[in-house]
Amino acid sequence: FGYGVNIAYEGQGYTTRAVACLVQWATQDANIKRLIAETNRTNIASIRVLEKNGFRCYATSENSFWWELMLD
């Protein structure tokens, strides 16, 4: 999944809450086993959003971190 927020609303918890809602929704569907996301290595805000929602970094590339949250 991907997400973004208008600069005027950064740092106010909206993205963290939106990701939390997505996680909550996904846990209701037995067919969804994991959620994955990609962040730029320098995007500290997005990294924190994912960490706050229980994601773990499972792979890296030159420019990115890859995150997952297992739902099983």
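Three strands make up an open sheet in this predicted model, in the order β1-β3-β2 and with antiparallel pairing. Strands here are DSSP E runs of at least two residues, helices are H or I runs of at least four, and both are numbered from the N terminus; two strands count as paired if DSSP finds at least two bridges between them. The edges go to β1 (34-40) and β2 (56-60), each of which pairs on one side only. From one strand to the next, the twist averages 30°.

Looking at the pairs one by one, β1 runs antiparallel to β3 (residues 64-70) over 7 bridges, and Leu 35 has Leu 69 of β3 as its bridge partner. On the β2 side, 4 bridges hold the antiparallel match with β3, with Arg 56 sitting opposite Glu 68 in β3. β2 and β3 form a hairpin, with 3 residues between them.

Helix α2 (residues 44-52) lies across β1 and β3, at about 160° to β1. Axes are lines fitted to C-alpha atoms, for helices over the stretch in contact (heavy atoms within 4.5 Å), and angles run from 0 to 180 degrees between N-to-C directions.

As for confidence, pLDDT (the predictor's confidence in each residue, from 0 to 100) averages 95 over the protein chain, and 100% of the residues score at least 70. Among the chain's elements, β1 has the lowest mean (95) and β2 the highest (98).

Residues are numbered from 1 along each chain as its sequence is written, and side-chain values use heavy atoms, leaving out hydrogens and water. Local features need pLDDT of at least 70 and side-chain atom pairs count only at 80 or more, while totals for chains, interfaces and linings use all residues.
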